[in-house]
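User: Hi! I would like to learn how to read cysteine links and internal cavities in a model. Could you walk me through it?

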Amino acid sequence: MGASLLRLHFHDCFVNGCDASILLDETSTINSEKTSCANNNSARGFEVIDKIKSEVDKVCGRQVVSCADILAVAARDSVVALHGPSWKVKLGRRDSTTASRTAANDNIPTPFMDLPALIKNFKKQGLDEEDLVALSGSHTLGFAQCFTFRNRIYNETNIDPTFRRQRQANCPRSGGDSNLAPLDPTPALFDSKYFSDLRSKKGLLHSDQALFSEGNTDDLVEKYSKNLGMFSKDFAESMIKMGDIKPLTGKRGQIRVNCRKVN
């Protein structure tokens, strides 16, 4: 579940800040982000967050820790559990009372973006090119569904031929949309293989390979592929920066009783 929990925090923060808006279910007044393009039949781990929330509330005796903070800590602990770096998670975020499917559709980057679009997308969140490359490195973990990389393996040229054939074997031209492929060769281990793969044209998503395609970010990809320590350090710093996106503090927002609905 590690990669999925990390992704929940990312998809939360990119939509009006790290405020647990991604966890809210659809109601007559809430446009749930769970059914946005990026999250529908894809985002998962909601039950794990519910379970953590109930355990934390038990220990505290009441609602003290927000769902937004739980997402931030769960993301860090997932990375640590999969042998990645640790970092100090800032706490004190509060939970939103609204969600926005439209904002989710507009702000969560897609797997089809090229480098200029990715840079622009991250810049909108106050994140720079180094953050983009470091945080894309979270694709050292987890899997992607066939529909997200089909065009890449059938129509693109900057792709290793053997890798292309291997991926085509489990992702036909039509059908099999939700068939999974690992984002790097070791999908349950935080390492630098994701970056080595980009250098040998084995990026699974178009948006992965875009980071190593004779553009501004090639140098960073090269550095990270050779230096896990540097990648780990930069990744931790960028995660803290992402966790700082527009938090609700003070009297703004609330501490939800149930992460799926507004109090």
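**Disulfides and a cavity**

Analyst: Happy to. Let's begin with one link: C146 and C171 form a right-handed disulfide, with 70 degrees about the S-S bond. Keep in mind that this is a predicted model.

User: What is a disulfide, and how far apart are the sulfur atoms of C146 and C171?

Analyst: A disulfide is a covalent bond between the sulfur atoms of two cysteines. Here the sulfur atoms of C146 and C171 are 1.9 Å apart. C146 lies in helix α7 (residues 146-155) and C171 in the loop between α8 (161-168) and β2 (180-182), so the bond ties together parts 25 residues apart in sequence. C146 counts as buried because its relative accessibility is 0%, and C171 is buried at 0% as well.

User: How many disulfides are there by this rule?

Analyst: The count comes to 3. Another one joins C13 to C18, with an S to S distance of 2.1 Å. That link is right-handed, at 115 degrees about the S-S bond. C13 has 0% relative accessibility, so it counts as buried; C18, also at 0%, is buried too.

User: And which residue is joined to C67?

Analyst: C67 is bonded to C259, S to S 2.1 Å. With -95 degrees about the S-S bond, this link is left-handed. The pair connects distant parts of the chain, 192 residues apart: C67 sits in helix α3 (residues 67-81) and C259 in the segment after α12. Both cysteines, C67 and C259, are buried.

User: What pattern do the disulfides follow along the chain?

Analyst: Counting bonded cysteines along the chain, the pattern is 1-2, 3-6, 4-5.

User: Why does C37 have no bond to C146?

Analyst: Look at the distance to the closest cysteine sulfur. For C37 that sulfur is in C146, 17 Å away, which is too far for a bond. C37 counts as exposed because its relative accessibility is 66%. For C60 the closest cysteine sulfur is in C67, and at 12 Å it is too far for a bond. C60 is partly exposed, with a relative accessible area of 35%.

User: Now the cavities. How many of 30 Å³ or more does a search of the whole structure find?

Analyst: The search finds 1, with a volume of about 80 Å³. Its lining includes H9, W87, R93 and D244. Helix α12 (residues 228-243) gives the most to that lining, with 3 residues.

User: What classes of residue make up the lining?

Analyst: By class, there are 5 nonpolar, 2 polar and 4 charged residues. Among the lining residues are V89, M239 and I240, along with K88 and K90.

Technical notes. Residues numbered from 1 in each chain as written. Predicted model: local features only at pLDDT ≥ 70, side-chain atom pairs only at ≥ 80, totals over all residues. Heavy atoms only, no water. 1 Å grid on protein atoms, 1.4 Å probe; cavity = no way out; pocket = protein on both sides within 12 Å on 5 of 7 lines; lining within 4 Å. Points joined across faces, edges and corners; volume = space filled by probe spheres on them. Helix = DSSP H or I, 4+ residues; strand = E, 2+ residues; numbered from the N terminus. Nonpolar A, V, L, I, M, F, W, Y, C, P; charged D, E, K, R; others polar. Disulfide = S-S within 2.5 Å. Buried < 20%, exposed > 50% of the residue type's maximum accessible area, 1.4 Å probe, protein only.
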